[in-house]
Every structure is written in structure tokens, then in C-alpha cells.
Amino acid sequence: TDFSQTVQNGKAGLLRGVYVENVLALPVVQQPSNNAGYVSNQDGEITQFGMASKFGNIGLLAHNHLAGKDFAELTVGQEVRLVYGDGKIETYIVIEVLRYQARKPTSPYSDFRSLNGGKTLNAEQMFKRVYFGERHVTFQTCIEKNGNASWGRLFIIAIPKREYEKL
């Protein structure tokens, strides 16, 4: 509740914070509507991915050398709490951790090879894989390897707790 109060601003429907016990408690900033590639350069801050919202889902972006480093600590089964401006809290459960190598690390149109089985997806397939479907949250950051900060991508998928309990 302490964290929740620090991010509230009275605006219903505006995502303002993400809390995962013993992992992260971070404010969320909105991506500028005209800049789908924007990710906050402030440590301790997550960016809501506007394009994911167009498909009814929540995308949370952060650089792996800043707030995104905490994404790697998320594991299947953990509760994720989203805090809105009016104090509303939604609870999600992590169901998947996906790791991919980017074939062209700095390109948004790269192909991605799964590190959990080798299947390769093109950029459109990757986007649909992590941002389409029933309501969910996708955390996204880069994976650093061999000095290349953009070598791969990490996606953590969480579904509403009420849906998780039906599984």
C-alpha cells in the first residue's frame, strides 16, 4: 500500500506503477503517442508500450541496464500488481519467461531465434506472439551477451489472476 500511494495521481485508467514483492516497485511513464520506439532513460522507471494497448494488452518496457535488469528476476508463478492513478490494483500471475536471440540486434525488424528450442520468428510473428491474445501483461527488455547490450530479448508474460486460477 505504501508504494501504491506514491504513484497515484487520481486518474482512473492510467497505469502508474508496477509492484512485484521482493523484486520491483517501479513507477510507469507513458510512451509519447508519436514515438513507438521510446523507452525511458531514467533508472527506476518503466515505460508503458502504447502499441500493446491498441490490442487490449499492457506492454512494459525498460532498458536492461536500467529498470529492465529487474525483469530478469521475474519467475513463473509470481504475482504482479499494476497500480492505476486512482488507486485501483490489478493482479496478474507470471506464466511464461521467453528468451530470444535477435538476429539483427539493433533492428526493430529483426528475426528472433528462441533460446528455448531454436524456433525462429520474424518481427511480426514475434510481436503477435507477445502482444496479441487475451488480456495480459508483457514485460520486455533486451538481453546482453558478449558486450552487445541488444543481443537478445526477454519477454515475461503474466495473465490476470482470475484467469490463472481457472487453469
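These legends go with a set of close-up views of one predicted model.

**View 1. Strand 5 with strand 1 on one side of the story and strand 6 on the other.** Start with strand 1, residues 15–20, which pairs with strand 5, residues 79–84, in the antiparallel sense. There are 4 bridges in that pairing. If you want one bridge to look for, take Tyr-19, whose partner in strand 5 is Arg-81. Strand 5 also runs antiparallel to strand 6, residues 89–102, and 5 bridges join the two. Two opposite pairs can be picked out here: Val-83 faces Ile-89 of strand 6, and Glu-79 faces Ile-93 of strand 6.

**View 2. The turn of the hairpin made by strands 5 and 6.** How many residues sit between strand 5 and strand 6 in this hairpin? There are 4. Have a look at Gly-87 in the turn, where phi is positive, at about 95 degrees.

**View 3. Strand 6 and its pairings with strands 7 and 10.** Strand 6 pairs with strand 10 in the antiparallel sense, and this pairing has 9 bridges. Strand 7, residues 112–114, is antiparallel to strand 6 too, with 3 bridges. Which residue of strand 10 stands opposite Tyr-100? That would be Arg-153. Tyr-100 also stands opposite Ser-114 of strand 7, so keep Tyr-100 in frame for both pairings.

**View 4. The largest pocket.** The volume here comes out at about 840 Å³. The lining has 30 residues, and those closest to the pocket centre are Ala-36, Phe-49, Pro-108, Gln-140 and Arg-153. Arg-153 is also the residue of strand 10 that stands opposite Tyr-100. Helix 3 (123–131), strand 9 (137–145) and strand 10 (148–160) each put at least two residues into the lining. Which element gives the most? Helix 3 does, with 7 residues. Sorted by class, the lining of this pocket holds 18 nonpolar, 9 polar and 3 charged residues.

**View 5. The second largest pocket.** This one has a volume of about 200 Å³. Its lining counts 13 residues, with Glu-134, Arg-135, His-136, Ile-159 and Pro-160 the closest to the centre. At least two lining residues come from each of strand 6, helix 3, strand 10 and helix 4 (161–164). Strand 10 has the largest share, at 3 residues. What does the class breakdown of this lining look like? It is 6 nonpolar, 1 polar and 6 charged.

**View 6. The largest nonpolar core, with Leu-60 in it.** In soluble globular proteins, nonpolar side chains tend to be buried together. In this model, the largest nonpolar core has 26 residues. Val-18, Leu-60, Val-80, Leu-82 and Phe-139 have the most contacts inside this core. Two or more core residues come from each of strand 1, strand 2 (24–30), strand 4 (58–61), strand 5, strand 6, strand 9 and strand 10. The largest share, 4 residues, is from strand 10. Zoom in on Leu-60 and leave out residues up to four places away in sequence: its contacts then include Leu-15, Val-18, Val-28, Ile-46, Phe-71, Leu-82, Val-137 and Phe-139. Leu-60 also touches Thr-47, Gln-48, Thr-138 and Gln-140.

**View 7. The second core.** A separate core of 15 residues can be shown on its own. Among its members are Ala-52, Leu-61, Phe-155 and Ile-157.

**View 8. Two asparagines with positive phi.** Most residues other than glycine have a negative phi. Asn-22 has a positive phi, near 60 degrees, and is found in the loop between strand 1 and strand 2. Is Asn-22 buried or exposed? Asn-22 counts as exposed because its relative accessibility is 75%, and the cut-off for exposed is over 50%. Asn-146 is not a glycine either, yet has a positive phi of about 50 degrees. Asn-146 lies in the loop between strand 9 and strand 10. With a relative accessible area of 73%, Asn-146 is exposed as well.

Conventions. Residues are numbered from 1 along each chain as its sequence is written. This is a predicted model: local features need pLDDT of at least 70, side-chain atom pairs count only at pLDDT 80 or more; totals for chains, interfaces and linings use all residues. Side-chain values use heavy atoms; hydrogens and water are left out. Two strands pair if DSSP finds at least two bridges between them. On a 1 Å grid over the protein atoms alone, a cavity is a set of points where a 1.4 Å probe fits but cannot get out, and a pocket is an open set with protein on both sides within 12 Å along at least five of seven lines; lining residues have an atom within 4 Å of a point. Grid points are joined across faces, edges and corners, and a volume is the space filled by probe spheres set on the points. Ala, Val, Leu, Ile, Met, Phe, Trp, Tyr, Cys and Pro count as nonpolar, Asp, Glu, Lys and Arg as charged, and the others, Gly among them, as polar. A nonpolar core is a set of buried Ala, Val, Leu, Ile, Met, Phe, Trp, Tyr and Cys residues joined through side-chain atoms within 4.5 Å. Buried means under 20% relative accessible area, exposed over 50%, partly exposed in between (1.4 Å probe, protein chains only). Contact means heavy atoms within 4.5 Å.
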